[in-house]
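Biologist: Please take a close look at the ligand site. What surrounds the ligand, and where does the ligand sit?

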Amino acid sequence: MSRPIDVDAIRAEFPILSRQVNGKPLVYLDNAASAQKPNAVIDAMSDQSRTAYANVHRGIHTLANETTEAYEGAREKIRAFINAGSVNEVIFTKGGTEAINLVANGIAGEIQPGDEIVLSIMEHHSNIVPWHFLRERHGAVLKWVDVDEIGALDMAGLEAALSEKTRMVAVTHMSNVLGTVTDAAEITRMAHAVGAEVLLDGCQAGVHLDVDVQALDCDYYALTGHKIYGPSGIGALYGKASALAGLRPFQGGGEMIEIVERERVTYNEAPHKFEAGTPPILQAIGFGAAIDWISQFDKSAVRAHEDKIYQRAYEGVRGINGLRVHGVAEGKGAVLSFSLDGVHPHDLAQILDRYGVAVRAGHHCAQPLMDHLGVSATARASFAVYNSEADVDAFIEALHKARGMLI
Ligand SMILES: Cc1ncc(COP(=O)(O)O)c(C=O)c1O
(Lines give C-alpha, C1' and ligand atoms only; values in the text may rest on other atoms or scores of the structure.)
Protein backbone atom coordinates (compact mmCIF):
# COMPACT_ATOMS: atom_id res chain seq x y z
CA MET A 1 0.00 0.00 0.00
CA SER A 2 1.25 3.52 -0.81
CA ARG A 3 2.27 5.88 1.94
CA PRO A 4 -0.26 8.69 2.51
CA ILE A 5 0.73 12.32 1.90
CA ASP A 6 1.30 13.58 5.44
CA VAL A 7 3.14 16.85 4.82
CA ASP A 8 4.42 17.24 8.40
CA ALA A 9 5.88 13.74 8.37
CA ILE A 10 7.37 14.30 4.91
CA ARG A 11 8.93 17.61 5.94
CA ALA A 12 10.53 15.99 8.97
CA GLU A 13 12.58 13.84 6.57
CA PHE A 14 14.17 16.89 4.90
CA PRO A 15 16.65 18.35 7.40
CA ILE A 16 17.12 21.59 5.44
CA LEU A 17 13.46 22.50 5.74
CA SER A 18 13.83 23.15 9.45
CA ARG A 19 16.46 25.84 8.99
CA GLN A 20 15.89 29.56 9.15
CA VAL A 21 16.73 32.09 6.46
CA ASN A 22 17.15 35.71 7.48
CA GLY A 23 15.61 34.91 10.84
CA LYS A 24 12.48 33.41 9.29
CA PRO A 25 11.48 29.77 8.69
CA LEU A 26 12.60 28.69 5.23
CA VAL A 27 9.83 28.61 2.63
CA TYR A 28 11.45 26.80 -0.26
CA LEU A 29 9.62 27.45 -3.54
CA ASP A 30 12.46 27.00 -6.01
CA ASN A 31 11.83 23.33 -6.64
CA ALA A 32 11.74 23.56 -10.43
CA ALA A 33 15.38 24.66 -10.27
CA SER A 34 16.41 21.98 -7.77
CA ALA A 35 14.59 20.11 -5.02
CA GLN A 36 15.78 19.42 -1.49
CA LYS A 37 16.95 15.95 -0.42
CA PRO A 38 15.40 13.62 2.15
CA ASN A 39 17.48 11.72 4.71
CA ALA A 40 17.01 8.56 2.64
CA VAL A 41 19.06 10.09 -0.19
CA ILE A 42 21.66 11.74 2.03
CA ASP A 43 22.11 8.49 3.99
CA ALA A 44 22.25 6.25 0.93
CA MET A 45 25.21 8.21 -0.42
CA SER A 46 27.07 8.52 2.85
CA ASP A 47 26.40 4.89 3.86
CA GLN A 48 27.75 3.72 0.53
CA SER A 49 30.89 5.85 1.00
CA ARG A 50 31.34 4.50 4.51
CA THR A 51 30.74 0.84 3.88
CA ALA A 52 31.14 -0.25 0.28
CA TYR A 53 32.87 2.06 -2.12
CA ALA A 54 35.10 1.22 -5.09
CA ASN A 55 35.05 1.82 -8.81
CA VAL A 56 32.32 0.03 -10.74
CA HIS A 57 32.50 -2.73 -13.37
CA ARG A 58 36.26 -3.15 -13.26
CA GLY A 59 36.99 -5.02 -10.09
CA ILE A 60 37.13 -8.61 -9.00
CA HIS A 61 37.18 -7.73 -5.32
CA THR A 62 34.23 -7.58 -2.95
CA LEU A 63 33.91 -3.79 -2.65
CA ALA A 64 33.96 -3.40 -6.43
CA ASN A 65 31.24 -6.00 -6.77
CA GLU A 66 29.10 -4.45 -4.04
CA THR A 67 29.40 -0.97 -5.52
CA THR A 68 28.63 -2.27 -9.00
CA GLU A 69 25.56 -3.99 -7.63
CA ALA A 70 24.33 -0.78 -6.02
CA TYR A 71 25.07 1.27 -9.17
CA GLU A 72 23.34 -1.20 -11.48
CA GLY A 73 20.54 -1.52 -8.93
CA ALA A 74 19.92 2.22 -9.30
CA ARG A 75 19.70 1.76 -13.07
CA GLU A 76 16.99 -0.86 -12.55
CA LYS A 77 15.07 1.53 -10.25
CA ILE A 78 15.09 4.20 -12.96
CA ARG A 79 14.03 1.63 -15.56
CA ALA A 80 11.05 0.64 -13.44
CA PHE A 81 10.22 4.28 -12.63
CA ILE A 82 9.73 5.17 -16.31
CA ASN A 83 8.69 1.66 -17.39
CA ALA A 84 11.51 1.19 -19.89
CA GLY A 85 11.58 -2.27 -21.42
CA SER A 86 15.21 -2.98 -20.45
CA VAL A 87 17.96 -1.62 -18.21
CA ASN A 88 20.08 -1.44 -21.35
CA GLU A 89 17.88 1.46 -22.43
CA VAL A 90 18.83 3.57 -19.38
CA ILE A 91 22.07 5.54 -19.65
CA PHE A 92 23.42 7.46 -16.69
CA THR A 93 24.44 11.03 -17.51
CA LYS A 94 25.50 13.94 -15.35
CA GLY A 95 22.09 15.56 -15.74
CA GLY A 96 19.29 16.38 -18.14
CA THR A 97 21.55 18.66 -20.14
CA GLU A 98 24.09 15.94 -20.81
CA ALA A 99 21.32 13.50 -21.75
CA ILE A 100 20.10 15.83 -24.50
CA ASN A 101 23.63 16.68 -25.66
CA LEU A 102 24.34 12.95 -25.89
CA VAL A 103 21.52 12.53 -28.41
CA ALA A 104 22.25 15.69 -30.43
CA ASN A 105 25.93 14.78 -30.61
CA GLY A 106 25.12 11.17 -31.39
CA ILE A 107 23.00 11.99 -34.45
CA ALA A 108 25.21 14.86 -35.66
CA GLY A 109 27.08 12.66 -38.15
CA GLU A 110 23.82 11.80 -39.91
CA ILE A 111 22.60 15.39 -40.25
CA GLN A 112 22.57 16.79 -43.79
CA PRO A 113 22.21 20.51 -44.55
CA GLY A 114 18.49 21.32 -44.61
CA ASP A 115 17.49 18.55 -42.20
CA GLU A 116 15.00 19.97 -39.73
CA ILE A 117 14.79 19.88 -35.96
CA VAL A 118 11.42 20.85 -34.52
CA LEU A 119 11.38 22.54 -31.10
CA SER A 120 8.75 24.31 -29.06
CA ILE A 121 9.15 27.91 -28.03
CA MET A 122 8.94 26.91 -24.35
CA GLU A 123 12.06 24.73 -24.34
CA HIS A 124 14.76 25.08 -21.72
CA HIS A 125 18.13 26.12 -23.20
CA SER A 126 19.27 22.54 -22.55
CA ASN A 127 16.84 21.46 -25.24
CA ILE A 128 17.73 24.31 -27.59
CA VAL A 129 21.45 24.91 -27.62
CA PRO A 130 22.52 21.31 -28.47
CA TRP A 131 20.28 21.62 -31.57
CA HIS A 132 21.80 25.03 -32.37
CA PHE A 133 25.12 23.17 -32.53
CA LEU A 134 23.62 21.04 -35.31
CA ARG A 135 22.44 24.21 -37.06
CA GLU A 136 25.83 25.92 -36.75
CA ARG A 137 28.00 22.91 -37.54
CA HIS A 138 25.90 20.73 -39.83
CA GLY A 139 23.43 23.05 -41.54
CA ALA A 140 20.32 21.81 -39.72
CA VAL A 141 17.30 24.10 -39.73
CA LEU A 142 15.47 24.78 -36.45
CA LYS A 143 11.70 25.06 -36.72
CA TRP A 144 9.78 26.53 -33.80
CA VAL A 145 6.29 25.71 -32.58
CA ASP A 146 4.49 28.38 -30.55
CA VAL A 147 2.34 28.19 -27.48
CA ASP A 148 -1.07 29.87 -27.38
CA GLU A 149 -2.25 32.57 -24.97
CA ILE A 150 -2.85 30.12 -22.11
CA GLY A 151 0.51 28.44 -22.68
CA ALA A 152 -0.67 25.28 -24.44
CA LEU A 153 1.42 23.91 -27.29
CA ASP A 154 0.04 24.81 -30.71
CA MET A 155 -0.60 21.31 -32.06
CA ALA A 156 -1.75 22.63 -35.46
CA GLY A 157 1.53 24.55 -35.62
CA LEU A 158 3.38 21.35 -34.82
CA GLU A 159 1.56 19.51 -37.58
CA ALA A 160 2.48 22.30 -40.01
CA ALA A 161 6.14 22.23 -38.94
CA LEU A 162 6.53 18.52 -39.63
CA SER A 163 7.68 17.20 -42.99
CA GLU A 164 9.81 14.47 -44.48
CA LYS A 165 12.78 16.76 -43.72
CA THR A 166 12.13 16.53 -39.96
CA ARG A 167 14.90 14.56 -38.34
CA MET A 168 14.05 15.15 -34.69
CA VAL A 169 11.18 16.58 -32.66
CA ALA A 170 12.62 17.74 -29.33
CA VAL A 171 9.91 18.94 -26.97
CA THR A 172 9.41 19.30 -23.27
CA HIS A 173 6.98 17.00 -21.45
CA MET A 174 6.42 19.78 -18.89
CA SER A 175 7.57 23.40 -19.12
CA ASN A 176 9.78 24.70 -16.33
CA VAL A 177 8.25 28.18 -16.75
CA LEU A 178 4.61 27.74 -17.73
CA GLY A 179 4.03 24.37 -16.10
CA THR A 180 2.38 23.27 -19.36
CA VAL A 181 2.16 19.51 -19.77
CA THR A 182 2.37 18.54 -23.42
CA ASP A 183 0.49 15.71 -25.10
CA ALA A 184 3.71 13.76 -25.49
CA ALA A 185 2.08 10.60 -26.87
CA GLU A 186 0.30 12.54 -29.60
CA ILE A 187 3.46 14.55 -30.42
CA THR A 188 5.33 11.27 -30.77
CA ARG A 189 2.65 9.79 -32.98
CA MET A 190 2.70 12.86 -35.25
CA ALA A 191 6.51 12.87 -35.46
CA HIS A 192 6.74 9.17 -36.20
CA ALA A 193 4.17 9.58 -38.98
CA VAL A 194 6.74 11.67 -40.91
CA GLY A 195 9.62 9.36 -39.98
CA ALA A 196 11.17 11.68 -37.36
CA GLU A 197 12.55 10.64 -34.00
CA VAL A 198 11.29 12.18 -30.76
CA LEU A 199 13.19 13.37 -27.73
CA LEU A 200 11.10 14.36 -24.72
CA ASP A 201 12.65 16.60 -22.10
CA GLY A 202 11.32 15.04 -18.91
CA CYS A 203 13.41 17.04 -16.43
CA GLN A 204 10.24 18.55 -14.91
CA ALA A 205 7.71 15.91 -15.89
CA GLY A 206 9.75 13.15 -14.27
CA VAL A 207 9.00 14.73 -10.90
CA HIS A 208 5.32 15.48 -11.32
CA LEU A 209 3.88 12.99 -13.82
CA ASP A 210 3.58 9.25 -14.09
CA VAL A 211 5.97 8.59 -16.96
CA ASP A 212 5.69 5.46 -19.08
CA VAL A 213 8.14 5.63 -21.96
CA GLN A 214 6.69 2.56 -23.63
CA ALA A 215 3.19 4.04 -23.63
CA LEU A 216 4.58 7.35 -24.90
CA ASP A 217 6.56 5.44 -27.55
CA CYS A 218 9.22 8.20 -27.60
CA ASP A 219 12.72 7.43 -28.87
CA TYR A 220 14.50 9.35 -26.12
CA TYR A 221 13.48 10.67 -22.70
CA ALA A 222 15.77 12.92 -20.62
CA LEU A 223 15.63 12.89 -16.81
CA THR A 224 17.57 14.71 -14.14
CA GLY A 225 18.18 13.56 -10.57
CA HIS A 226 18.42 16.77 -8.59
CA LYS A 227 14.86 17.93 -9.27
CA ILE A 228 13.44 14.62 -8.12
CA TYR A 229 14.86 14.78 -4.59
CA GLY A 230 18.13 13.19 -5.70
CA PRO A 231 21.65 14.61 -5.82
CA SER A 232 23.02 16.94 -8.47
CA GLY A 233 25.51 15.60 -11.01
CA ILE A 234 23.30 12.73 -12.14
CA GLY A 235 20.58 12.25 -14.72
CA ALA A 236 19.51 9.61 -17.15
CA LEU A 237 18.71 9.21 -20.79
CA TYR A 238 16.17 6.64 -21.83
CA GLY A 239 16.77 5.53 -25.40
CA LYS A 240 14.69 2.95 -27.22
CA ALA A 241 16.95 -0.01 -27.99
CA SER A 242 16.49 0.51 -31.75
CA ALA A 243 17.38 4.22 -31.44
CA LEU A 244 20.46 3.59 -29.29
CA ALA A 245 21.71 0.97 -31.75
CA GLY A 246 22.16 3.69 -34.37
CA LEU A 247 23.43 6.42 -32.03
CA ARG A 248 27.13 7.26 -32.08
CA PRO A 249 28.85 7.49 -28.69
CA PHE A 250 29.22 11.01 -27.36
CA GLN A 251 32.42 10.62 -25.36
CA GLY A 252 35.27 8.14 -25.68
CA GLY A 253 37.19 6.53 -22.84
CA GLY A 254 37.29 3.60 -20.49
CA GLU A 255 34.43 1.11 -20.18
CA MET A 256 32.66 2.20 -23.37
CA ILE A 257 34.87 0.07 -25.63
CA GLU A 258 35.09 -3.54 -26.67
CA ILE A 259 38.52 -3.56 -28.38
CA VAL A 260 41.04 -0.76 -28.76
CA GLU A 261 43.95 -1.20 -31.21
CA ARG A 262 46.32 1.25 -32.85
CA GLU A 263 44.12 1.67 -35.93
CA ARG A 264 40.77 0.37 -34.75
CA VAL A 265 38.25 0.68 -31.98
CA THR A 266 35.02 -1.20 -31.41
CA TYR A 267 32.41 -0.29 -28.85
CA ASN A 268 30.68 -1.92 -25.92
CA GLU A 269 26.91 -2.41 -26.02
CA ALA A 270 24.44 0.16 -24.70
CA PRO A 271 24.22 1.51 -22.06
CA HIS A 272 27.98 1.17 -21.38
CA LYS A 273 28.83 2.46 -24.86
CA PHE A 274 27.51 5.85 -23.70
CA GLU A 275 29.09 5.91 -20.23
CA ALA A 276 32.78 6.63 -20.85
CA GLY A 277 35.04 6.85 -17.82
CA THR A 278 34.22 6.50 -14.14
CA PRO A 279 30.56 7.43 -13.82
CA PRO A 280 29.03 9.50 -10.99
CA ILE A 281 28.75 6.38 -8.83
CA LEU A 282 27.53 7.82 -5.54
CA GLN A 283 25.20 10.20 -7.31
CA ALA A 284 23.63 7.33 -9.26
CA ILE A 285 23.09 5.46 -6.00
CA GLY A 286 21.57 8.62 -4.49
CA PHE A 287 19.32 8.95 -7.55
CA GLY A 288 18.16 5.35 -7.00
CA ALA A 289 17.41 6.16 -3.35
CA ALA A 290 15.40 9.23 -4.44
CA ILE A 291 13.35 7.07 -6.82
CA ASP A 292 12.70 4.63 -3.95
CA TRP A 293 11.72 7.51 -1.70
CA ILE A 294 9.23 9.15 -4.06
CA SER A 295 7.89 5.75 -5.14
CA GLN A 296 6.55 5.15 -1.62
CA PHE A 297 3.77 7.54 -2.58
CA ASP A 298 1.11 7.08 -5.17
CA LYS A 299 2.00 9.43 -8.06
CA SER A 300 -1.57 10.62 -8.43
CA ALA A 301 -1.71 11.47 -4.71
CA VAL A 302 1.51 13.50 -5.05
CA ARG A 303 0.05 15.25 -8.08
CA ALA A 304 -3.21 15.97 -6.24
CA HIS A 305 -1.29 17.48 -3.30
CA GLU A 306 0.87 19.64 -5.56
CA ASP A 307 -2.19 20.77 -7.53
CA LYS A 308 -3.94 21.77 -4.30
CA ILE A 309 -0.91 23.78 -3.18
CA TYR A 310 -0.55 25.38 -6.60
CA GLN A 311 -4.24 26.29 -6.69
CA ARG A 312 -3.99 27.97 -3.28
CA ALA A 313 -1.04 30.01 -4.54
CA TYR A 314 -2.81 30.85 -7.78
CA GLU A 315 -5.91 32.03 -5.92
CA GLY A 316 -3.66 34.06 -3.63
CA VAL A 317 -1.91 35.95 -6.42
CA ARG A 318 -4.59 36.35 -9.05
CA GLY A 319 -6.38 39.17 -7.27
CA ILE A 320 -3.21 41.26 -6.95
CA ASN A 321 -3.38 44.40 -9.02
CA GLY A 322 -0.92 44.41 -11.95
CA LEU A 323 0.04 40.78 -11.48
CA ARG A 324 0.01 38.53 -14.55
CA VAL A 325 0.36 34.74 -14.35
CA HIS A 326 2.18 33.13 -17.29
CA GLY A 327 0.75 29.75 -18.22
CA VAL A 328 -2.72 28.60 -17.23
CA ALA A 329 -3.13 25.64 -19.56
CA GLU A 330 -5.45 22.85 -18.47
CA GLY A 331 -3.65 20.07 -16.57
CA LYS A 332 -0.53 22.15 -15.93
CA GLY A 333 1.99 21.23 -13.25
CA ALA A 334 2.73 23.09 -10.03
CA VAL A 335 4.80 25.97 -11.39
CA LEU A 336 3.61 29.56 -10.94
CA SER A 337 5.43 32.11 -13.11
CA PHE A 338 4.30 35.69 -12.89
CA SER A 339 5.09 39.32 -13.62
CA LEU A 340 4.17 42.30 -11.48
CA ASP A 341 3.76 45.61 -13.33
CA GLY A 342 6.53 48.06 -12.55
CA VAL A 343 8.56 45.57 -10.51
CA HIS A 344 11.67 43.74 -11.65
CA PRO A 345 11.45 40.04 -10.67
CA HIS A 346 14.98 40.19 -9.22
CA ASP A 347 13.96 42.94 -6.79
CA LEU A 348 10.90 40.97 -5.84
CA ALA A 349 12.87 37.75 -5.23
CA GLN A 350 15.37 39.66 -3.13
CA ILE A 351 12.69 41.08 -0.86
CA LEU A 352 10.92 37.72 -0.59
CA ASP A 353 14.23 36.25 0.52
CA ARG A 354 14.27 38.68 3.44
CA TYR A 355 11.10 36.90 4.59
CA GLY A 356 12.71 33.49 4.15
CA VAL A 357 10.83 32.80 0.90
CA ALA A 358 12.97 31.33 -1.89
CA VAL A 359 11.59 31.88 -5.40
CA ARG A 360 13.36 32.09 -8.73
CA ALA A 361 13.65 35.25 -10.80
CA GLY A 362 15.13 35.45 -14.26
CA HIS A 363 14.70 34.04 -17.75
CA HIS A 364 14.70 30.46 -16.38
CA CYS A 365 17.00 29.36 -19.24
CA ALA A 366 14.12 29.94 -21.62
CA GLN A 367 14.94 33.13 -23.52
CA PRO A 368 12.88 32.29 -26.65
CA LEU A 369 9.85 31.88 -24.36
CA MET A 370 10.59 35.17 -22.57
CA ASP A 371 10.72 36.83 -25.97
CA HIS A 372 7.38 35.23 -26.89
CA LEU A 373 5.85 36.47 -23.61
CA GLY A 374 7.27 39.95 -24.16
CA VAL A 375 9.22 40.00 -20.88
CA SER A 376 12.91 39.71 -20.05
CA ALA A 377 12.32 37.74 -16.87
CA THR A 378 9.60 36.43 -14.58
CA ALA A 379 9.33 35.46 -10.93
CA ARG A 380 8.59 31.78 -10.37
CA ALA A 381 7.31 29.85 -7.38
CA SER A 382 7.46 26.11 -7.94
CA PHE A 383 6.09 23.48 -5.61
CA ALA A 384 7.13 20.08 -4.32
CA VAL A 385 5.53 17.30 -2.32
CA TYR A 386 6.87 18.79 0.94
CA ASN A 387 5.30 22.23 0.42
CA SER A 388 2.46 23.02 2.80
CA GLU A 389 -0.47 25.40 2.82
CA ALA A 390 1.48 27.40 5.41
CA ASP A 391 4.30 27.79 2.85
CA VAL A 392 1.84 29.24 0.36
CA ASP A 393 0.35 31.60 2.93
CA ALA A 394 3.82 32.84 3.95
CA PHE A 395 4.66 33.40 0.28
CA ILE A 396 1.47 35.39 -0.38
CA GLU A 397 1.95 37.49 2.75
CA ALA A 398 5.56 38.24 1.81
CA LEU A 399 4.48 39.05 -1.74
CA HIS A 400 2.01 41.66 -0.50
CA LYS A 401 4.70 43.20 1.72
CA ALA A 402 7.22 43.23 -1.14
CA ARG A 403 4.70 44.82 -3.47
CA GLY A 404 4.00 47.49 -0.88
CA MET A 405 7.71 48.32 -0.71
CA LEU A 406 8.36 48.29 -4.46
CA ILE A 407 5.35 50.10 -5.89
C1 LIG B 1 12.77 21.61 -18.54
C2 LIG B 1 14.22 21.45 -18.19
N3 LIG B 1 15.04 20.84 -19.05
C4 LIG B 1 16.34 20.66 -18.78
C5 LIG B 1 16.90 21.13 -17.62
C6 LIG B 1 18.35 20.91 -17.38
O7 LIG B 1 18.56 19.97 -16.41
P8 LIG B 1 19.99 19.85 -15.68
O9 LIG B 1 20.24 21.18 -15.06
O10 LIG B 1 19.80 18.79 -14.70
O11 LIG B 1 21.00 19.51 -16.69
C12 LIG B 1 16.09 21.81 -16.71
C13 LIG B 1 16.67 22.38 -15.47
O14 LIG B 1 16.29 23.46 -15.05
C15 LIG B 1 14.71 21.96 -17.00
O16 LIG B 1 13.89 22.59 -16.15
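Modeller: What follows covers the ligand site, then the enclosed cavities. Keep in mind that this is a predicted model.

Start with the location. The ligand sits in the largest pocket. Its surroundings are Gly96, Thr97, His124, Ser126, Asn176, Asp201, Cys203, Gln204, Thr224, His226 and Lys227. By class, this shell divides into 8 polar residues, 2 charged and 1 nonpolar. Cys203 counts as the nonpolar one.

Now the polar contacts. The side chain of Asp201 places an N or O atom 2.6 Å from a nitrogen atom of the ligand. Thr224 has a side-chain N or O atom 2.5 Å from a ligand oxygen. For Lys227, a polar side-chain atom lies 2.5 Å from an oxygen atom of the ligand. On its own, the ligand has 390 Å² of accessible area, and the protein covers 86% of that.

Next, the cavities. The structure holds 3 of 30 Å³ or more. The largest has a volume of about 50 Å³. Its lining includes Gln204 and Lys227, both of which also belong to the ligand's shell. The other lining residues are Asn31, Ala32, Val207, His208, Tyr229, Ser382, Phe383 and Ala384. This lining divides into 5 nonpolar, 4 polar and 1 charged.

The second largest cavity holds about 40 Å³ of space. His57, Tyr71, Glu255, His272, Glu275, Gly277 and Pro279 line this cavity. They divide into 2 nonpolar, 3 polar and 2 charged.

Methods:
Residues are numbered from 1 along each chain as its sequence is written. This is a predicted model: local features need pLDDT of at least 70, side-chain atom pairs count only at pLDDT 80 or more; totals for chains, interfaces and linings use all residues. Side-chain values use heavy atoms; hydrogens and water are left out. On a 1 Å grid over the protein atoms alone, a cavity is a set of points where a 1.4 Å probe fits but cannot get out, and a pocket is an open set with protein on both sides within 12 Å along at least five of seven lines; lining residues have an atom within 4 Å of a point. Grid points are joined across faces, edges and corners, and a volume is the space filled by probe spheres set on the points. A residue is near a molecule or strand if one of its heavy atoms lies within 4 Å of it. A polar contact is a pair of N or O atoms within 3.5 Å; within protein, one must be able to donate a hydrogen and the other to accept it, and residues adjacent in sequence count only if both atoms are side-chain atoms. Accessible areas come from the Shrake-Rupley method with a 1.4 Å probe; for residues, only the protein chains shown count as cover. A molecule sits in a cavity or pocket if more than half of its atoms lie within 2 Å of its grid points.
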